[in-house]
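Biologist: I'm new to this one. Can you pull it up and walk me through a few spots?

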Amino acid sequence: MAKPLLEIDRVTKQIGDYTAVTETSFNIERGEFLAIMGSSGCGKTTMLRMLAGLEEPSAGEIRLDGVSQAGLPPWERDLPLVWQSLALFPFLSVLDNVAFGLKMRGVPKKVRHEKARNWISKLELSEFAERNVTQLSGGQRQRVALARALVTEPKVILLDEPLSALDAHLSVRMQALLRSLQRELGITFIYVTHSQVEAFSMADRVVVMSRGKVEQIGVPKEIYRQPANRFVADFIGNVNNFRGVAESVSSGSAMIRTPVGMMSALNARTSLRPGEEVDFFVNADQIDVGAAAQGPNHVSGKLLSYKFVGNMVTLYLELAAGLELKVSIPEPAYDRLNVKIGDMVSASWQNDAAHVFAKNG
């Protein structure tokens with residue numbers, strides 16, 4: 001089996017009395033696009049800074065191609081970082097910004113400018129090569145920062161929420177560009193983000209972090225459809241959460257008594273016990289409504305409101321006991337439903353669409 005390119009081995013980072021990362025271990029494969037996702041303060045940026053050499057682990061080890069990075073300063077690591085703020089030099093041209101890393105390595109001017117122009121061309125910036133970076137748009141500056149990281153042809157590129165300042169349309173375009181470049185070049189990308197959309201649309205694997213710990217690592221579909229615990233299920237969002245009591249548990253399936261009736265689930269943790277209080281999660285996009293609502297878990301509710309997001313419509317239904325149910329369906333399905341505010345709507349889902357976790361687990 002091929003050795004991982006990067007190994008994070010029982011890494012801990014202590015900042016005063018605060019533990020930013022706790023005994024974390026995972027590997028990153030050569031040529032992989034790995035996204036590290038989590039809310040503010042979860043440890044994802046601290047992990048990136050330790051990889052870049054801007055912070056040293058308090059314990060544990062980071063290895064690149066089997067070689068410990070302990071004590072190596074940033075400029076001696078093959079791990080360039082594209083900052084959220086981009087950190088371009090405002091007094092330099094696009095060409096000189098891109099060539100800067102090569103200049104620091106002592107590459108002759110003619111050679112470094114030739115390489116820089118090659119990457120500027122790849123990122124469709126040739127017409128701006130002599131222009132000062134302050135004269136560029138946000139998306140153009142983003143591409144300059146990326147070219148500056150790529151010009152040294154590193155094994156790994158670290159990206160710290162690089163698209164967070166862009167508008168939605170430009171962000172989508174940059175996501176496509178990043179993924180295309182990564183596949184073409186075969187360079188390992190480690191991408192830190194708080195955005196589920198960015199992580200799931202680009203990454204081969206996703207690491208979900210919370211309070212300095214890794215909660216789950218997997219391919220996007222696995223994270224979304226098979227959350228490892230209640231934190232991941234809740235963090236991924238667009239879910240409905242019912243509180244209930246486990247009536248019976250057997251071989252990963254469970255019957256749950258909830259305020260809106262008995263519910264069945266195939267994705268129940270085997271550690272659950274009958275009589276235990278549980279959280280019962282159902283993804284909004286796995287719920288059928290109207291004539292299609294034929295699943296074994298069935299409820300009905302009054303349509304309170306709806307919201308259009310792109311080509312999807314989210315319905316908000318008021319169930320018994322004052323509970324609310326979110327349902328996300330394609331716009332054509334909503335049109336066929338032919339309902340208005342105040343109408344009663346039937347909804348259902350399959351057994352494998354729900355996930356059950358102990359309330360305090």
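Biologist: How many bridges join strand β18 to strand β19?
Modeller: Seven, and β18 (residues 312-318) runs antiparallel to β19 (residues 324-330). Strands here are DSSP E runs of at least two residues, helices are H or I runs of at least four, and both are numbered from the N terminus. Two strands pair if DSSP finds at least two bridges between them.

Biologist: What can I trust here?
Modeller: This is a predicted model, where local features need pLDDT of at least 70 and side-chain atom pairs count only at pLDDT 80 or more, while totals for chains, interfaces and linings use all residues. Residues are numbered from 1 along each chain as its sequence is written, and side-chain values use heavy atoms, with hydrogens and water left out.

Biologist: Back to the hairpin: which residue in the turn has a positive phi?
Modeller: A321, at about 65°; the hairpin has five residues between β18 and β19.

Biologist: And what is the bridge partner of Y316 in β19?
Modeller: K326.

Biologist: Switching to aromatics, how many pairs are there?
Modeller: The count comes to 13 aromatic pairs. The rule takes rings of Phe, Tyr and Trp (its six-membered ring) with centres within 6.5 Å; planes under 30 degrees apart are stacked, over 60 edge-to-face, and the rest tilted.

Biologist: Why is the pair of F281 and F357 edge-to-face?
Modeller: Because the ring planes of F281 and F357 are at 65°, with the centres 5.8 Å apart. The pair links distant parts of the chain, 76 residues apart: F281 is in strand β15 (residues 277-283) and F357 in strand β21 (residues 354-358).

Biologist: Is F281 buried or exposed?
Modeller: Buried, at 3% relative accessibility. F357 is buried too, with a relative accessible area of 5%. Buried means under 20% relative accessible area, exposed over 50%, and partly exposed in between (1.4 Å probe, protein chains only).

Biologist: What about F308 and Y334?
Modeller: Their ring centres are 5.8 Å apart and the planes at 85°, so that pair is edge-to-face. F308 sits in strand β17 (residues 297-309) and Y334 in helix α9 (residues 331-337). F308 is partly exposed at 42%, whereas Y334 is buried at 10%.

Biologist: Last topic, helix α2: which residues are buried?
Modeller: In α2 (residues 94-104), V94, L95, N97, V98, A99 and L102 are buried.

Biologist: What do those buried residues pack against?
Modeller: They pack against α3 (109-122) and α4 (138-150), where contact means heavy atoms within 4.5 Å. After α2 comes G106, with a positive phi near 80°.
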